[in-house]
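Here is a short report to read beside the sequence and the coordinates. Keep both in view.

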Amino acid sequence: MGTFRHGIQTNIDVKKRIPFLTGDAVSAYLLILPFFVFFFLFVLSPLLRNFLNSFTNDSLGVKEFIGFRNYEKLLRDRSFLRSVLNTFTFALFSIVPLMVLGFAAALSVNRPKKAMYAARAVLMYPYVASMVSVSMIWLYLFDPGSGLFNKVLWMAGFSGSDWLFDEKLALPCLIVVNVWKMIGYVMILYLAALQGVPQSQYDAAVVDGAGFLGATWHVTLPAIRPVSFFLLATLSIECFKTFEQVRIMTNGGPLDATTTITHQIYMRAFSEFKMGYASAMSVVLFLMVFVVTLLNLKFGGQLEEDRGNG
Amino acid sequence: MKRILTIFLILILAFLPVGCAQKSPAQDITLKFVRIGNDAAEAEYWKGLITRFEAKTPGIRIQYDDAAIGEPMETKLNSMFSAGMGPDLIGHGIMSVAARAVAKNYQPITKYFSTWEGKDDIMPSVLANGTYNKEVYGLAYSTTPFVFAYRKDLFAAAGLDPESPPKTWAELKEYAEKLTVKEGDRIVTSGFSFPKSAGNFVEFDCFVFGNGGRYYDADGKPTIDTPEKAEAFRFLSSFLNEVSIPFSNTEVNPFVNGSAAMTLINNVALTGMLKNEEYKDKIGIALPPSNEGKAQETFAGCNMLFVGGDCKNPDAAFQFIAFALTNEEVMKRATDLNIPVTRQSQVEAFTALNPMNAVRAACVANGTGMPRTTWAASFQKIRNTMVQEVLYGKTTPEDALKNAQQALLDEIE
Amino acid sequence: MTGRVAGFFLLMFFLLAAGIPFLIMLSVSLQSMEQIYSPSLALLPNPVRFSNYPDAMSNGNWTRYLFNSAYVAGMSTVLSLFINAMTGYAFARIAFPLKRPLFVLILAGMMIPPQVTLVPLFIQMKQFPLAGGNNLFGAGGTGLVDTYAGLILPYIAGSFGVFMCRQFYLMFPKELDEAAKMDGCGRFRTFLSIYLPLSAPILGALAVLKFTAAWNEYTWPLVMTNAGADTLTTVQLALTRFRNEGEIFWNQLMAATMVSSLAILVVFLSMQKYFVAGILSGSVKE
């Protein structure tokens with residue numbers, strides 16, 4: 001990193017106008033400076049405070065340094081351990097269908113027709129509607145007594161299900177809601193990415209006798225790789241932070257079957273006021289997401305993509 | 001694009017200062033008031049009360065705000081107190097008393113209370129809710145008792161007397177089984193609707209209290225593992241699955257949409273049903289049934305006014321509390337919002353307002369709230385887990401109670 | 001041909017999956033509470049009650065709530081787009097010392113759940129120097145609490161947009177920079193006059209995502225606005241007012257939700273032409 005070899009040329013150009021600039025590096029720093037000012041103030045410093053907080057027993061009116069006690073307690077906290085398992089299950093079973101379905105949705109509306117404008121808006125609706133109202137609709141659909149799903153099952157002659165009140169079904173139900181809700185997000189980014197795939201490459205593939213699927217596989221997918229990895233990384237982060245639908249739809253139940261790490265953090269912090277303990281949980285969550293994201297990027301070669309460009 | 005940018009720039013200049021320019025006249029005392037619960041009807045009542053108070057008490061202004069029940073309220077209070085800008089007046093529930101008194105978020109108002117005109121009139125059970133370590137912290141402005149509600153029309157259809165709801169557990173079980181209507185495996189009408197998950201499982205507490213049980217002793221030590229709770233569990237497990245449709249008490253009780261014959265429910269949750277033409281004459285309320293030979297008791301929550309720990313003008317703040325608890329305001333809440341009265345001298349007038357009010361007042365008088373201890377929040381979580389473990393058949397009542405007692409002791413340590 | 005048919009059925013599947021809950025919401029928003037509570041939960045409103053909409057909108061000052069939300073979401077979107085794109089460009093195309101650790105730091109910013117940074121961030125806002133009666137050291141006044149700035153500023157710091165712009169710029173051909181360099185363009189000029197004009201699809205998509213996130217935010221406005229009197233109340237805060245301790249006013253809640261989500265759909269429809277523009281006008285970068 002930090003090669004100035006190519007930078008020298010630009011150097012000279014810039015220097016003509018602003019004499020104190022020396023090198024590409026400086027212009028890069030200037031470009032990223034405004035962002036980092038905000039980032040430091042509103043993200044990094046609260047993050048740092050949170051980290052320090054995780055070594056205290058911060059709760060209503062008290063705050064003392066207690067070393068690693070919070071972390072030791074985490075290892076014995078059954079609800080927390082269950083939430084780790086749930087979070088991984090939730091993330092894994094959300095991300096794979098999301099990537100596939102979201103891409104399919106983008107392809108299915110990626111046509112220059114007027115009707116597609118409306119279709120795209122409908123597909124986006126679940127994503128733009130707030131989680132609170134969306135969860136309420138799904139609560140109604142899943143309701144064991146009067147919900148639509150059970151009514152349909154009864155009409156077809158089956159016996160109904162307890163859905164969100166069934167220990168085994170509750171988490172899968174939440175995953176379905178999550179996939180349904182997030183498809184719009186994957187779709188919109190793939191749509192934007194598809195605009196960057198040169199038509200000439202498609203034409204070449206078609207000349208070579210590749211069908212639609214062949215062209216998609218050989219041309220589209222490689223061309224939009226950076227966005228796929230962006231989606232993979234951000235979806236992992238989002239799924240690991242899943243909270244809102246858990247709070248509204250099941251509140252972690254039945255019996256911790258759907259509690260997630262963030263849900264545990266929230267309950268500990270704002271229902272039981274154990275801020276210090278909640279901070280320790282969030283540090284653990286942070287480390288897990290961090291490792292997953294780095295693996296994502298490393299595996300996708302996304303940290304190295306700038307080679308030969310400096 | 002440029003035009004949009006220009007418009008936005010103008011908007012920035014025009015509106016950024018709005019938020020900052022909210023200083024009130026320098027001479028007046030301004031008190032910040034944050035209240036739990038944000039439904040429209042109550043918010044409107046409180047805004048009206050503030051107008052009446054400000055008209056009567058020049059020099060004191062009240063800045064009103066509210067937050068939804070549960071974590072939103074706690075989130076808001078905790079942020080404000082951590083930044084040293086806690087509200088002067090707080091409207092909050094029983095669970096907050098001990099924890100926030102110890103954290104000095106609330107200041108004692110005993111000295112103001114002892115000279116207050118209404119001090120001997122306030123119901124003892126209600127006054128106890130706001131008292132901690134012999135100091136008065138909060139005075140109740142509303143009570144939210146759980147009532148036993150039942151459908152008179154369904155009683156008649158099942159051959160039961162619509163005017164005599166069950167008084168004992170044995171009757172409750174017998175009636176529930178008679179009232180349940182099934183189509184194959186499917187429960188069409190639930191005989192007795194009891195939640196399967198809950199934000200706060202107070203429906204179980206009704207059965208504990210109705211069997212003479214309590215959750216803590218006079219010293220504030222938890223006493224979860226006692227035989228009367230095991231008995232309540234065994235009773236509930238013996239029939240609930242056959243008569244109840246699963247629901248969570250943070251959502252709508254099936255009783256409210258007409259698919260249950262009996263339930264335990266928050267008094268205010270019945271308001272909509274009682275206004276509904278289809279149901280309003282078919283609903284009866286009563287004290288919850290109790291175990292043979294035990295008194296009929298219930299759960300009753302309560303919201304109180306507190307003076308914040310950061311408040312610089314506790315005198316002015318107490319003036320507002322006293323105003324909110326005057327006879328006129330208490331009666332106005334009873335008339336406008338169906339809130340049971342908290343002063344003994346008004347029970348008679350309250351009962352005269354509405355035939356159901358006698359039962360509501362009895363529920364307040366025989367009601368117990370959440371523990372007034374610093375561990376109330378942990379208790380809520382552990383009690384919820386315990387009830388679910390038994391209702392889902394994961395453990396025996398005895399083991400669940402033992403584990404819960406241990407878990408709570410661990411948390412307190 | 002089979003591909004066409006398969007594509008059609010795929011589209012229908014997505015439309016149904018996304019559309020049915022939407023239609024239920026619409027239907028409930030037009031029903032009376034009596035119908036919602038009646039034992040036979042009907043799918044179609046009968047009678048159709050359009051009055052739920054004006055009723056919901058008169059529960060508080062909804063013009064003000066909609067304006068507040070639009071202002072906060074709009075401002076944070078506009079302000080953050082430019083900064084994000086600029087930063088993303090630097091990370092995608094320029095080599096500089098500490099680039100990789102700084103990028104990882106940006107990613108790390110996305111990984112902490114907002115619940116735990118809420119209170120520290122609030123304290124920071126209250127102690128913001130020289131605002132809301134504060135002195136240079138952030139003491140004395142209320143800082144940025146109860147101001148639009150306090151609501152908007154934290155959204156600008158989001159790492160998401162930077163990461164997204166970087167990933168999209170990685171797909172741009174490198175010849176763009178080389179050509180610019182030949183012409184004697186500096187880095188900022190290259191970004192401004194070459195990258196930015198080609199960024200319409202990215203920024204259009206990012207604008208929708210940013211606007212949606214800010215519009216749907218609940219906890220931060222809840223904590224940041226304490227002045228009451230509805231001055232700074234946002235739509236999401238107001239939406240929680242359609243229930244009390246035991247009752248949810250479904251019809252009005254859904255009516256208000258429809259209005260709230262329509263606002264975002266308007267943004268989506270107006271941005272759509274940017275990120276699907278390529279289809280109509282041929283590829284952007286040929």
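The text below covers chain contacts, the domains of chain C, a hairpin and two backbone outliers.

This is a predicted model: local features need pLDDT of at least 70, side-chain atom pairs count only at pLDDT 80 or more, and totals for chains, interfaces and linings use all residues. Residues are numbered from 1 along each chain as its sequence is written, while chains are lettered from A and ligands numbered from 1 in the order in which they are written.

**Contacts between chains**

Two residues are in contact if their C-beta atoms, placed from the backbone, lie within 7 Å. Chain C gives 87 residues to its contact with chain A, and chain A gives 85 residues. Helix 1 of chain C supplies the largest share of the chain C side, 13 residues. Helices (H or I, at least four residues) and strands (E, at least two) are DSSP runs, numbered from the N terminus. The contact between chains A and B takes 21 residues from chain A and 31 residues from chain B.

The table gives residue classes. Ala, Val, Leu, Ile, Met, Phe, Trp, Tyr, Cys and Pro count as nonpolar, Asp, Glu, Lys and Arg as charged, and the others, Gly among them, as polar.

| Side | Nonpolar | Polar | Charged |
|---|---|---|---|
| Chain C, touching chain A | 57 residues | 22 residues | eight residues |
| Chain A, touching chain B | 10 residues | eight residues | three residues |
| Domain 1 of chain C, touching domain 2 of chain C | five residues | three residues | no residues |

**Domains of chain C**

Chain C is divided into domain 1 (1–49) and domain 2 (61–281); the bounds come from an automatic or database domain assignment. Their C-alpha centres lie 32 Å apart. Domain 1 of chain C gives eight residues to the contact, and domain 2 of chain C gives seven residues. On the domain 1 side, helix 1 (2–29) and helix 2 (33–37) of chain C each give two or more residues. Helix 1 of chain C has the largest share, four residues.

**A hairpin in chain B**

Strand 8 (residues 181–183) and strand 9 (residues 186–189) of chain B pair in the antiparallel sense over three bridges. Strands pair if DSSP finds at least two bridges between them. B:E183 has B:R186 as its bridge partner. Two residues lie between the strands of this hairpin, and B:G184 in the turn has a positive phi of about 65°.

**Positive phi outside glycine**

A:D256 is not a glycine, yet has a positive phi of about 65°. A:D256 sits in the loop between helix 12 (244–250) and helix 13 (261–270) of chain A. Is A:D256 buried or exposed? A:D256 is buried, with 20 other C-beta atoms within 10 Å. The cut-offs are 20 or more other C-beta atoms within 10 Å for buried, 12 or fewer for exposed, and partly exposed in between, with C-beta atoms placed from the backbone.

B:K134, also not a glycine, has a positive phi of about 70°. B:K134 lies in the loop between strand 5 (131–132) and strand 6 (135–136) of chain B. B:K134 counts as exposed because it has 7 C-beta neighbours inside 10 Å.
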